[in-house]
Amino acid sequence: MRVLYIAGAGRSGSTILGHILGQFNGCTSVGELWNIWRRGLVERRKCGCGTPVLECPFWNPVLERAFGLPLPFDPRDVVALGDRRLEARSLPAMAARRLRGPRGDDEYLDLLAPLYRAAFDLSGAAVLVDISKSAIYAALLAGIPGCDVRVVHLVRDARASAYSWLRTKRLPDFGDERSMVMQTPVTTARRWIKAQLLVEALWSSRTERYLFLRYEDLVAHPRAAVDRIVDFAGVDALGSPFVGERVVRLGPTHSVSGNPARFSSGDVELRPDDEWRRAMLPGDRARVAALTWPLLLRYDYPLRPAA
């Protein structure tokens with residue numbers, strides 16, 4: 001089982017990237033699959049195909065094969081278990097499990113393994129594209145026997161991510177007028193730092209399974225960037241959705257979670273989103289830069305970008 005995993009912070013372009021990769025032959029995009037328990041089964045949000053996850057023609061059979069329906073457990077318990085396992089303080093315990101080898105005592109992994117196997121079997125895919133972003137979750141997946149995880153570390157300028165979190169965006173997951181949650185620039189900056197450091201700590205040394213990509217380079221040269229990812233993942237390059245250097249033709253995917261871009265279909269032009277340079281409040285920009293400047297410089301972002 002090969003998983004092409006997009007890791008990094010929120011609002012970094014992972015949803016549209018996953019949507020694009022899911023169009024290639026042999027690829028199935030599952031969105032933020034770690035969120036199937038909370039958003040798909042507890043909150044009953046829509047799959048990327050437009051139907052609730054439990055009624056989806058793909059996920060309903062996957063869940064049936066993996067666990068049987070009705071589910072023999074409460075998904076809220078899995079949400080709580082996952083929240084504990086995905087905390088940074090769980091890393092020492094994760095390392096200890098690796099040292100002593102597989103012993104069949106990992107309750108969370110025992111739920112993930114049949115879920116991913118069923119998704120592979122019923123999709124017929126050679127590669128699942130998972131945009132769950134958490135570096136710790138990716139490391140957990142790598143503990144599933146036979147699971148080949150390859151990580152794309154997707155980074156966007158922290159100031160652009162912070163500005164995106166301040167925008168009001170409609171949330172189509174429920175079919176009503178709800179909006180996505182917002183968060184302060186300082187919160188975004190702290191979470192952005194944590195995400196990058198965890199990806200680097202857990203994955204950057206695995207050179208054959210780690211690929212670094214800046215969002216800004218993706219949207220500047222989308223076809224070249226995606227071709228690089230396809231080659232890294234060993235994906236069949238046939239069936240490319242590109243109908244031009246910057247235009248992709250998107251069809252529906254069975255993404256269980258992600259931002260509204262996962263519902264996009266038809267021809268979509270990829271272009272830089274740099275509104276933050278002009279519209280972000282100077283104080284917000286300064287606060288984010290003050291917290292993130294070492295990593296901004298590490299990733300070749302200017303501290304004083306042009307407007």
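## The largest pocket

Helix 9 (185–203) gives the largest pocket 6 of its lining residues, the largest share. Helices here are DSSP runs of H or I with at least four residues, strands are E runs with at least two, and both are numbered from the N terminus. This is a predicted model, so local features need pLDDT of at least 70 and side-chain atom pairs count only at pLDDT 80 or more, while totals for chains, interfaces and linings use all residues. Residues are numbered from 1 along each chain as its sequence is written, and side-chain values use heavy atoms, with hydrogens and water left out.

The pocket holds about 1,200 Å³ of space. A pocket is an open set of points on a 1 Å grid over the protein atoms alone where a 1.4 Å probe fits, with protein on both sides within 12 Å along at least five of seven lines; lining residues have an atom within 4 Å of a point. The volume is the space filled by probe spheres set on the points.

## Who lines it

There are 40 lining residues, with Gly-10, Trp-34, Lys-133, Trp-165 and Arg-191 nearest the centre. Helix 1 (14–21) and strand 3 (127–133) are among the elements supplying at least two residues each. By type, the lining splits into 14 nonpolar, 15 polar (Gly counts here) and 11 charged (Asp, Glu, Lys and Arg).

## The second largest pocket

This one has about 570 Å³ of space and 24 lining residues; Ile-16, Lys-169, Tyr-215, Ala-261 and Asp-273 lie nearest its centre. Helix 1 brings the largest share, 4 residues, and helix 10 (215–220) and strand 7 (266–269) each add at least two.
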